[in-house]
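Biologist: I'd like a close look at one single part of this chain, please. Could you pick a residue and walk me through its surroundings?

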Amino acid sequence: MRHVTVVTPSVLNILKGRVAPMDLVRVETPKECFYSFLSIGWGLMADIDIESERLRALGEARFAVWGVIRAIGLRKYKGKLSYLPVSGYKPNCTNKVVAEPRPKRSKTIDCHLAWSEDSADPKKEDQEPIFRSKSFGAQDPSLDDETDVRLLKFSYSAEQFNDSFVPSAQSPPSPVESIPHIHCNNTPEEPILDELGVAKYCPPLDEPVPDDWVVIDDEFVLVYACHQTHLSTDVLFAPEAKMDDGIMWLIVIKAGVSRAQAMYFLACLQTGDHVHIPYVDVIPIHAFRLEPFRDEGYLTVDGEVIPCCNIQAEVMPSVARVMTR
């Protein structure tokens, strides 16, 4: 039955014959360079993906079963994460944080602010919440440090670019005209191009990252970069992703979350509501570098295990073509 669900849409796509551009991601390790079309993961979800292979007879239900097991035996990994955030996105402040269970003792560093008891005050409920993120976006100079800030999540929309971000009139037209696409090309300097004429964001793996990258040296529960909306038929991982937006969606959970919070995150993956959870950082990026401090855990590219080592990845916009309906 599973083969039928895969083959039927593919046949219909071929019959329709509609060609659409799609991004690929160039992945570099100290020993090799290859290309990804789906995701790069380290931590909780990579562990679930690989370790649940022993339950493959259950089909996709194996992820749910092993997700509970892995959330109970929650692990954390120490490493350094560097990434180049996308400029030009505005936060969508209309989204609300979904209700979630409050553990008796939460080890989460920052989400307790979003659960503060001041919500019982009707005056504060009517106020528009202030959206801040520690990992993306500059500090607002108009806000005083003593201001009571409710720490909620940014939610980025692929349709919300700054007014100044429009396709350049001098850009050569794409050979594929069937589906239009645009990219965020507001960069302060001319990008370095590779041998294919594609913008190159990453320096050599043995060199430090540029100054405009964000660097986080910490312990993590999850580091996962996805280029498509879905990781599987029932996992809506990056709701705002487009096949040719020139963006990876980086989702980070730092160490300190409780087992209940990890399980709640996994439960929200079916609907995409995990992007609104306060302790889940959702960041649109062009490139990132991950440097694990210990050779442990699973590092996956498109669901396949690779040696746990320093790795970096960057988007190659619209270099692939796929058939869609």
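Modeller: Let's take His-227, which counts as buried because its relative accessibility is 3% (buried means under 20% relative accessible area, exposed over 50%, and partly exposed in between, with a 1.4 Å probe and protein chains only). Keep in mind that this is a predicted model, where local features need pLDDT of at least 70, side-chain atom pairs count only at pLDDT 80 or more, and totals for chains, interfaces and linings use all residues. Residues are numbered from 1 along each chain as its sequence is written, and side-chain values use heavy atoms, leaving out hydrogens and water.

So where does His-227 sit? You'll find His-227 in the loop between β9 (214–226) and β10 (230–232); strands here are DSSP runs of E with at least two residues, helices are runs of H or I with at least four, and both are numbered from the N terminus.

Now look at who touches His-227. Leaving aside residues up to four places away in sequence, the list is Val-25, Ser-36, Phe-37, Leu-38, Ser-39, Ile-40, Ala-241, Lys-242, Ile-247 and Met-248, with contact meaning heavy atoms within 4.5 Å. Ser-36 deserves a second glance: its side chain and that of His-227 are joined by a polar contact of 2.9 Å. That term stands for a pair of N or O atoms within 3.5 Å; within protein, one must be able to donate a hydrogen and the other to accept it, and residues adjacent in sequence count only if both atoms are side-chain atoms.

For the wider picture, buried residues make up 47% of the 325 in the chain, and its secondary structure comes to 5 helices and 16 strands.
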